[in-house]
Amino acid sequence: MNTSKISININSTINSGQYFLWEKINNSWYGIYEDSILKITSPKDNGNVTYEYDSFPEIENWQHDVFRFEDKYDDIINEISKKDKIIENIIKEYSGLRIMRQKPLQCIISFLCSSNNNIPRIRLILRNLSRKFGKKIEWNNNTFYTFPTLKMLSNISQAELLQCGFGYRAEYVRKTVKSIVDQEIDMNLVRNSDYAKSKQEILKLSGVGEKIADCILLFSFDKMEAFPIDTWIIKLFQKKLGHIIISDLDLKINDKINPNQYKLVSKKIREHYGKYSGYAQQFLYYSIREENRRRW
DNA sequence: CGCCAGGGATCTT
DNA sequence: AAGATCCATGGC
């Protein structure tokens, strides 16, 4: 176990719809990461304080990987803050919110599950899946289950997926797992290419469209310019963000946007916020949902 | 009962 | 090529 003083707000970071398999027990957060359980204890309930990091089985310094401590966080948010007044105020209000880095398989399945769904239910489905098919770990008088491996996932029947609550997304999971097993998608290419090329490749997966592709690239493949555009971001775009991003806005944006509109808006947004647009997105998203008092 | 939820695939024009 | 419709499931 060790501690660090890097600027981070654990509650907003963990509980902001990016990494679903975490739960708070007493004064600690527990998260699922590969074959280990991660643990963070906050001496106070929130704020930028010193946290204690632990894991079982032990992973050395996992927090640097998971919380992206290699990012120059202060430089990034200072840079983004200059882009417009809206983001400046939001970053000030929610300082310490970070992007987390998760393992690709868990991230892909998680966001497959996110389409036309809500966050509490996404978490429930993923917990059901882990409880049934993950490895059981007893630690600190609590029982945890790791996320199923690729091999395990490939052996799960459609009926069992439905039992977990995937609904119509069960078919996406089945096809996507098969594509990965059969190496119809090149994970090394996704990892090592630039944003555009990586996105093109990840879009081959069934159930992965423009938005979910951006989530996967941002949250597990280090493509920090990826800016997922979901229904909440669209609401913000309609209300006030649109005229900041696109001068002389003649673009009609409905509640649901088609892929071409997505690409256009995405391009403009990334031109506006720059190569760390993903951070801007996380702040905007968190802020809108908090304003609307949505459950995480 | 209808509506909504971090959308995407498929069918229709 | 763009637009409309359908998709399981649970909370409200």
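**Note on the predicted protein–DNA model**

1. Around DNA strand B lie 29 residues, of which Gly 17, Ile 119, Tyr 168, Gln 281 and Arg 289 come nearest. The model is a predicted one, and the points below should be read as descriptions of that prediction.

2. The surface near DNA strand B comprises 10 nonpolar, 12 polar and 7 charged residues. Three helices each contribute at least two residues to this surface: H12 (210–220), H13 (231–245) and H15 (277–291).

3. On the DNA side, sugar or phosphate accounts for 60% of the strand B atoms within 4 Å of the protein, and bases account for the rest. The polar contacts listed next include examples with a phosphate and with bases.

4. For the phosphate, a backbone N or O atom of Gly 209 is placed 2.9 Å from a phosphate oxygen of DNA strand B. For the bases, a polar backbone atom of Ser 16 is 3.5 Å from a base oxygen of the strand, while an N or O atom in the side chain of Tyr 285 is 3.4 Å from a base nitrogen.

5. Helix H15, one of the helices supplying the surface near DNA strand B, also packs against helix H3 (residues 73–81), with an angle of about 75° and an axis separation of 10 Å. An angle of 65 to 115 degrees counts as roughly perpendicular, and H3 and H15 are therefore roughly perpendicular to each other. H3 contributes Tyr 73, Ile 76, Ile 77 and Ile 80 to the contact, and H15 contributes Tyr 279, Ala 280 and Phe 283. By class, the residues of this contact comprise 7 nonpolar, no polar and no charged. As background to the spacing within such lists, an α-helix has 3.6 residues a turn, so residues three or four places apart point the same way.

6. Gly 274 is located in the loop between helix H14 (259–273) and H15. Is this glycine buried, exposed or partly exposed? Its relative accessible area is 24%; because buried requires under 20% and exposed over 50%, Gly 274 is classed as partly exposed. Gly 274 is separated from Tyr 30 by 244 residues in sequence and, C-alpha to C-alpha, by 33 Å in space.

7. Helix H5 (residues 104–112) is mostly covered, with 7 of its 9 residues buried. The buried residues of H5 are Gln 106, Cys 107, Ile 108, Ile 109, Ser 110, Phe 111 and Leu 112.

How values were computed: Residues are numbered from 1 along each chain as its sequence is written. Chains are lettered from A and ligands numbered from 1 in the order in which they are written. This is a predicted model: local features need pLDDT of at least 70, side-chain atom pairs count only at pLDDT 80 or more; totals for chains, interfaces and linings use all residues. Side-chain values use heavy atoms; hydrogens and water are left out. A residue is near a molecule or strand if one of its heavy atoms lies within 4 Å of it. A polar contact is a pair of N or O atoms within 3.5 Å; within protein, one must be able to donate a hydrogen and the other to accept it, and residues adjacent in sequence count only if both atoms are side-chain atoms. Helices (H or I, at least four residues) and strands (E, at least two) are DSSP runs, numbered from the N terminus. Ala, Val, Leu, Ile, Met, Phe, Trp, Tyr, Cys and Pro count as nonpolar, Asp, Glu, Lys and Arg as charged, and the others, Gly among them, as polar. Buried means under 20% relative accessible area, exposed over 50%, partly exposed in between (1.4 Å probe, protein chains only). Axes are lines fitted to C-alpha atoms, for helices over the stretch in contact, and angles run from 0 to 180 degrees between N-to-C directions. Angles under 35 degrees count as roughly parallel, over 145 as roughly antiparallel, 65 to 115 as roughly perpendicular and the rest as oblique. Contact means heavy atoms within 4.5 Å.
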